[in-house]
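Reader: I am a first-year student, and I would like a close look at a single part of this model, taken slowly, with each term explained when it first appears.

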Amino acid sequence: MVTHSRAEVWLRGPVPGIPALLQPVAHSLLQCREELETHVGPLDAAALWACPAGIASVGFHVRHAAGSLDRLFTYARGEALTAAQHAALKVEAEPDLGADAARTLLEDLAATIETALAQLRDTPESILLEPRGVGRAQLPSTVLGLLVHAAEHTQRHAGQAVTTAKIVSAVLTDD
């Protein structure tokens, strides 16, 4: 197989060890990681946590992408959220103004994606339609529904983070 580094992840072939039906989930998560590393990595803490026109910050979107991915994959395993997951949810919007804030956020996201990929590798296709409850109300979903939504939700916040990063970078450059 020829690897085309400029091609989007889904055009680079299967991710090793991921079941065929879950390849789109893996591709989406890996694409998010690459795009966020490119656009968020160069930002300083001020740009990372800026909220132009009152929109959510880049930092929030990256932190929320990682946190929600972790939570949704927890539900896909049929587990309840832990106290640590609930606590992390409450502080997703709190800024980290450290000099290495972008690196820290991106490392956390990368670790969460690696954990998610490991779970995908361990998910037999035979359980994809098994029911799973979501949240305290145990709203109905399936293993597949949760995994696909987790990828879609991560992708949505990655896109918002990239767009906001471009806006913040343009505004700071104009000053």
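Author: What follows begins with one helix and then turns to other parts of the chain. The model is predicted, so local features need a pLDDT of at least 70 and side-chain atom pairs count only at pLDDT 80 or more, while totals for chains, interfaces and linings use all residues. Residues are numbered from 1 along each chain as its sequence is written, and side-chain values use heavy atoms, with hydrogens and water left out.

The part to look at is helix H3, residues 58-76; helices (H or I, at least four residues) and strands (E, at least two) are DSSP runs numbered from the N terminus. H3 has 19 residues, and the path from its first C-alpha to its last is 27 Å, close to the 27 Å expected at 1.5 Å a residue, where the expected span of a helix is 1.5 Å times one less than its number of residues. Is this helix enclosed or open to the outside? Because 17 of its 19 residues are buried, H3 is largely enclosed by the rest of the structure; buried means under 20% relative accessible area, exposed means over 50%, and partly exposed lies in between, with a 1.4 Å probe and protein chains only.

One residue to follow from here is His-153, which sits in helix H6 (residues 143-174). With a relative accessibility of 12%, His-153 counts as buried. Once neighbours within four places in sequence are left aside, His-153 is in contact with His-64, Ser-68 and Leu-72, contact meaning heavy atoms within 4.5 Å. It helps to know that an α-helix has 3.6 residues a turn, so residues three or four places apart point the same way.

A second link concerns charge. Side chains of opposite charge can pair when their charged atoms come close. Arg-71 and Glu-92 meet through their side chains in a salt bridge, at 2.9 Å from N to O, a salt bridge being a side-chain nitrogen of Lys or Arg within 4 Å of a carboxyl oxygen of Asp or Glu. This pair links distant parts of the chain, since Arg-71 is in helix H3 while Glu-92, 21 residues apart from it, is in the loop between helix H4 (83-90) and H5. Both partners, Arg-71 and Glu-92, are buried. The structure holds eight salt bridges, and another of them joins the side chains of Glu-79 and Arg-77 at 3.2 Å, N to O. Here Glu-79 is partly exposed at a relative accessible area of 40%, and Arg-77 is partly exposed as well, at 38%.

Now consider the two ends of the helix, beginning with the stretch just after H3, where Gly-78 takes a positive phi of about 85 degrees. Most residues other than glycine have a negative phi, and most peptide bonds are trans. With that in mind, turn to the loop between H2 and H3, where Ala-53 is found: this residue has a positive phi of about 55 degrees although it is not a glycine. Ala-53 is exposed, with a relative accessible area of 84%. Ile-55 is also placed in the loop between helix H2 (45-49) and H3, but it is partly exposed, at 34%. Together with Ile-167 and Val-171, Ile-55 forms a nonpolar patch on the surface, with about 210 Å² of accessible area in all. Patches are made of residues with over 30% relative accessible area and no salt bridge, like charges being joined within 9 Å and nonpolar side chains (Val, Leu, Ile, Met, Phe, Trp, Tyr) within 5 Å; the areas come from the Shrake-Rupley method with a 1.4 Å probe, and for residues only the protein chains shown count as cover.

For a contrast with the helix, look at strand E1 (residues 131-134) and strand E2 (residues 139-142), which pair in the antiparallel sense over four bridges; two strands pair if DSSP finds at least two bridges between them. Val-134 stands opposite Leu-139 in E2. Four residues lie between the strands of this hairpin, and Gly-135 takes a positive phi near 75 degrees there. Gln-138 lies in the loop between E1 and E2, and its phi, near 55 degrees, is a positive value in a residue other than glycine. At 48% relative accessibility, Gln-138 counts as partly exposed.
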